[in-house]
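Subject: Handing over the structure

Hi,

Here is the structure I promised to pass on. Have a look at it first, and then read my notes underneath.

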Amino acid sequence: KRGLVCRKHVHTYAHPPSSLTPSCPMQNPDWNILVEGEKTQATPQHYNTMCWSFEVSLMTYSAVLATAGVLLFRRNPRDLHNAVFLSVFGSMQLIDALLWALAQKEDLGTLSCSKENSLLTSTGFGIIMLEPVSSLLGKALYEGRMDWGMLVVYISVFMALPIYLKSYVGPLNGCPPMNFNWTMDWTTCTHIKDHHLFLGLGRDSSGVSEKCWRTFLIAGEFQEEIPLILRLLFLLGITYPYFTMRPKLAAVTHSTILITTWMIGYFSNSHASVWCLANVAQAVVMMLDPCLFPMEPKDCDSGNSKAYDIHPKTRRKRLRLRYSNRFLARKFNRNKVKKSYDAIVVGSGIGGLTAASLLSSRGMSVLVLEQHDRVGGCTHTFTEKGGYFDSGVHYVGWIKLMKTFLSFLAHPTLPVQWESLGAVYDEIVMEKNDLKKPIFYTYPHFERNLCKRFPKDAEGIRNYIQFLKNNTWKVEACLAVSRILGQESPLFQLVDYFFGVRETLRMITSMTAYDVASQFKLSEKVKNVLTGGQMIDHNETPKEVCWFVSGGMMLYYAKGGYYPKGGSQKITETLVAKIRSSGNGDSDVLAQAAVSQILLNDNGEAHGVRVGTGARARDIFSKIIISDAGIYNTYIRLLPMQEDSKTSGNSRDLERETANPVNNDSVYSKLRAIQQKILRTRLSPPQMNGFIILNRPPEDLGLRSENIHSLVGSKYYGYDIDKMIKDTLKYPTDPQALDRTLMTITCPCTKDPEYAKRFPGESNLAILARADPTWFKETAGILAGREYPAEKDAKNIIAEKDEAEKDVANSIAEKDVRRDTAEKDAKKDLAEKDAAATAATDTCAEKKSSVPVEAGRTGHRSAEYEKFKKAWADAFVRRMKMHYPKIKDEHIVSVDVGTPVTAEHYLAAPGGATYGLGWGTKKFSPSLESICQPTTPIKGLYIAGEGAIFGGVVGATAGGLLATRHVLGLRAFVLSVLNNWW
């Protein structure tokens, strides 16, 4: 606004302050001024205005000049950018001061169109046009590179356009053209009207302002002041380079000063004075820049010798290119950890690392404890027979959001780079005929290509996708609001009252994905393609999964699929480096540190954790405990149970209750209710995993980057995926059943361009399939060989309650047994007939189920367990050859199989559950919705990761951010995000 608009100075006083004495040369009562074109006697009010404007402009320029000099001398990373912009931006104050000084030589209140006036006016125009360009040039000096395309745009918009408008559009209404030639007529001048400077709008000393600007630049009515559009363009041009500054807090601060002062100046009557304030505020912030914002990111974890190779000759550090992040792990040593920390994070999944990253950047000492020997949770990688595999990240959608998260979570010197999967990210095969013509999920044109593939269902497809687009964003917004504000907060109650947040969330619990798809004109095949084609991404069948999960997942990947270069451990590496390099140096991430219990004090507040059990246990204390272990593990395995303050007599129970002498009945009553709800909730189904290494490069074997969702057996069940899964999983070792069940094939070697550099001439595939925890004795009871006293107590309570209900039912049944004998016999006969009919029609009934299998101890697995895995390994190979016929037996180097027992052992997933609690409609019911929150009834205990809001990479990251928001408070959380946004 300033400069190109009329420059108004209206600092007036009813009585002149004592500091404005007659020594001011302009305070002469005999002088006259122009008011509305007529001369009148000057008053003290006019004298004060003139002197005040001159003094303020001169003092402001002096401050700006001094600040620019200090910045150039200091030479911090952002100082050169600030100095270049400030020296240009503040030099307009010198022009103002000279114009007021020029007015002192003439009749008070007037400025003739002299050479000096025109020269200063033209110079002022030039400075104003250079302000956005100087901001861009300063940014280029700071970054060490120039964006030439943007420079051309800036010169065109902020220099060529104003000159054109002043020289060719304004003269159409009789206004003088812009003139930089000393020998030409002086028509571009500044005049004073009503105590204000009007820059370049008049032609003579009459004080008349001309209407020289069109409302819409080149169209519309002529007006006196600069059009709002051009003012906004100049504001945007100045603030854009600053808004790209890092960290983002510095960008927001500088941009806020510019925008705020612009708004105040526009809506007030003291424009130039406000711009003086802007200059001063900008100079003060630039001087304090090193104190307010970090100059540059800290070095990554140079203290971790395992993270670096030492060159034998130069002795310089060189970051290793590894594909297993085992080297990131520092083993827990009970004698070396501190007694207390500012915050403790249980679990090193991406949600826990996210929370630790932000908290440590606030200067807090944060300890992350991981039970596995490798950190990262489902983002860690591991090697098998030479190649590497991801434990959970097979592709990521909505990449813009994930990149935004990592921009303030990751270490700036270790950025995560992403590789697109290409136009096709998912391939769905519903029957063997689809092998030649698969169903492709593509980006872009996802909807159009689906309609083209199924023209008879095109209308139904469009309506179904439109329904998802219209409703999923509402649910996502309501979920975010409820988690950010907290459902107990008054602000949430107010938002819920006006926008019906709870009512919107009830939409999730109303129908499954199949129920919603059935409302549209879709064939059975298309229904199951839309609701179950990407089933492995949520591991629920169409008639089990909530419609929001299935539909949201489809739209999530409709933005394209991406994969981190170097594997998912690159995410872990950068987050761990950020944690260890931030804070006061005490923050760390430790592996092989299995937390056995969350400790509570007498008031029912979390105050620490216990690592290990028995004599080797170590208690570590903190007032902030963040659990990234999942809802089930946190409430059932790690928190204690108490019933009427009595112990069971078990030594482990006595030890636990001694460490937790809690008497707060209200906390325990809430905790007991939560535990019972969770124990009655179905967990997410587990998976079987195949890891295959091949001795040929991907191009020789025809491997592709898209994921293949192979549901070739669905045709045998009328495309009913639910029936297919239920039937085939009854017989987990039968080849016929395994050849018909769902499997998803993914090729990390084709997604990651770094794989070929690391493993030239080799390829790998990962195959995933749904499993059942009841196949193994270790996961059927969800204990997997570990002893969790709290879990046993909770289950015993539920069992006792169920037993009591069963006794009541039995007593009633005994009274009616004689009367109902005949009816029961009839039902029994009918059941036997139905069983015989089912056995006759069951495609796999001739095979006996061989489950449950006892896996045995790690490293000493049973022969029965190995035989079970061999059956699945053969099935994985057969399915791989079906979709990639170029692969022969001689190309296969190794085939390894992971089971739910594997997931339980390495990831501490209860029963091998893939995504914690199941993603059915019950997960989002009001009873569980109040549990799956970042906050808990226990003060000091927070939930991160998938338990806070949602599963998956992006969802778990959001869960970590939500936990941090409640730990720090909203204001501190926002500042922490902005100050780490590099």
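What follows is a short tour of the salt bridges, one sheet and the cysteines.

First, some housekeeping. This is a predicted model, so local features need pLDDT of at least 70 and side-chain atom pairs count only at pLDDT 80 or more, while totals for chains, interfaces and linings use all residues. Residues are numbered from 1 along each chain as its sequence is written, and side-chain values use heavy atoms, with hydrogens and water left out.

Salt bridges

The structure has 28 salt bridges (a side-chain nitrogen of Lys or Arg within 4 Å of a carboxyl oxygen of Asp or Glu). A good place to start is Asp588, which meets Arg330 at 3.0 Å, N to O. Arg330 sits in strand E10 (residues 330-331) and Asp588 in strand E19 (residues 588-591), so this pair ties together parts that are 258 residues apart in sequence. (Helices, H or I with at least four residues, and strands, E with at least two, are DSSP runs numbered from the N terminus.) Asp588 also forms a salt bridge with Arg580, with the closest N and O atoms 2.8 Å apart.

How exposed are these residues? Asp588 is buried at 14% relative accessible area, Arg580 is buried at 8%, and Arg330 is partly exposed at 24%. Here buried means under 20% relative accessible area, exposed over 50%, and partly exposed in between, using a 1.4 Å probe and protein chains only.

Another pair to look at is Asp720 with Lys543, at 3.4 Å between the closest N and O atoms. Both are in loops: Asp720 between strand E25 (707-710) and helix H24 (721-728), and Lys543 between helix H17 (524-532) and helix H18 (547-557), so parts 177 residues apart in sequence are tied together. Asp720 is buried at 16%, whereas Lys543 is partly exposed at 39%.

A sheet

Three strands make an open, antiparallel sheet in the order E20-E21-E22 (two strands pair if DSSP finds at least two bridges between them). Its edge strands are E20 (595-600) and E22 (618-621), each pairing on one side only. Five bridges join E20 to E21 (residues 606-611), and Leu599 has Gly608 in E21 as its bridge partner.

Cysteines

How many disulfides does a search of the whole structure find? Zero, counting a disulfide as a pair of cysteine sulfur atoms within 2.5 Å. For Cys747, the nearest cysteine sulfur is that of Cys749, 5.4 Å away. Cys747 is buried at 0% relative accessibility, and Cys478 is buried at 10%.

Cheers
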